Amino acid sequence: MFILTTISDLVQISPEDFQKPSAESIEDNLNAKYANKVVQKIGLCICVYDILSASDGLIGHGTGIVNVNVECRLIVFRPFKGEIVAGRISSASDDGMRIALDFFDDIFVPSNLLFPDSTFNAQEQCWVWSNEGQEYFYDKTDWVRFRVEQEHWTDLSPLAPSLRETGAYSERKSPYSITASMMQAGLGPVQWW
């Protein structure tokens with residue numbers, strides 16, 4: 001679910017950060033740039049794990065900003081296909097269910113990836129699985145286990161000014177989302193098993 005990813009980047013340390021130790025200033029700048037952000041085809045960056053190397057700083061002409069080339073490792077959330085993860089049901093509709101973790105909520109379980117004989121109860125706003133005459137409910141906020149089936153990446157390039165002014169653009173999508181399933185023994189609400 002979590003991986004270490006090595007990246008190289010140019011860090012700019014402003015004069016206000018000179019009173020801190022160099023490693024602390026570099027780490028603070030890297031965390032400000034990457035923490036809680038999605039990097040395409042890498043995943044959701046959580047924080048800096050460690051700094052592998054840093055060059056000598058070069059002072060920019062006229063600005064006083066120190067430029068440092070850094071190689072570091074980041075802790076990244078990116079579950080692999082087939083991984084079993086636990087989360088909470090955040091909402092349900094006739095299309096499927098949304099599941100949230102404490103730090104990530106773009107997980108969707110479509111209706112065709114639930115157990116067979118699962119139906120949506122519009123009155124209760126939850127899914128119900130009928131099995132051998134028993135009804136099992138997927139209640140909101142229940143802890144569930146799900147299997148990662150697919151990742152979806154969306155490039156969120158900046159919009160052209162003409163599109164921003166006219167409002168002629170579609171709804172923004174999440175940069176990283178996961179499609180999951182709950183149709184195997186042991187998956188679904190934890191209380192069932």
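Colleague: What relative accessible area does Arg73 have?

Modeller: This is a predicted model, in which local features need pLDDT of at least 70, side-chain atom pairs count only at pLDDT 80 or more, and totals for chains, interfaces and linings use all residues. Residues are numbered from 1 along each chain as its sequence is written, and side-chain values use heavy atoms, with hydrogens and water left out. Buried means under 20% relative accessible area, exposed means over 50%, and partly exposed lies in between (1.4 Å probe, protein chains only). Arg73 is partly exposed, because its relative accessible area is 25%.

Colleague: Which residue forms a salt bridge with Arg73?

Modeller: A salt bridge is a side-chain nitrogen of Lys or Arg within 4 Å of a carboxyl oxygen of Asp or Glu. In the bridge of Arg73, the closest N and O atoms are 2.6 Å apart, and the partner is Asp50.

Colleague: How many residues apart are Asp50 and Arg73?

Modeller: Helices (H or I, at least four residues) and strands (E, at least two) are DSSP runs, numbered from the N terminus. Asp50 belongs to strand 3 (residues 43-54) and Arg73 to strand 5 (residues 66-77), so that distant parts of the chain are linked by a pair whose separation is 23 residues.

Colleague: Which residues are joined into one network by salt bridges that share partners?

Modeller: The structure holds 6 salt bridges. One of them brings together the side chains of Lys20 and Asp28, at 2.8 Å from N to O. Through shared partners, the network comprises Asp17, Lys20 and Asp28.

Colleague: Is Asp9, which meets Lys33 in a salt bridge, buried or exposed?

Modeller: The side chains of Lys33 and Asp9 meet at 2.7 Å, N to O. Lys33 lies in helix 1 (residues 22-34) and Asp9 in strand 1, so this pair ties together parts that are 24 residues apart in sequence. Lys33 counts as partly exposed at 42% relative accessibility, whereas Asp9, at 15%, counts as buried.

Colleague: Which strand gives the most residues to the largest nonpolar core?

Modeller: A nonpolar core is a set of buried Ala, Val, Leu, Ile, Met, Phe, Trp, Tyr and Cys residues joined through side-chain atoms within 4.5 Å. Of the 26 residues in the largest such core, Met97, Phe104, Ile107, Tyr138, Phe146 and Met182 touch the most other members. The elements that give two or more residues include strand 6 (84-93), strand 10 (126-131) and strand 12 (143-153). With 4 residues, the one that gives the most is strand 12.

Colleague: How are the rings of Phe2 and Phe103 paired, and at what angle are their planes?

Modeller: Rings of Phe, Tyr and Trp (its six-membered ring) pair if their centres lie within 6.5 Å, and planes under 30 degrees apart count as stacked, over 60 as edge-to-face and the rest as tilted. A search of the whole structure finds 13 aromatic pairs. The centres of Phe2 and Phe103 are 5.7 Å apart, and the pair is tilted because the planes stand at 40°.

Colleague: What is the centre to centre distance of Phe115 and Trp129?

Modeller: Phe115 and Trp129 are both buried. Their aromatic pair is stacked, with 15° between the planes and a centre to centre distance of 4.2 Å.
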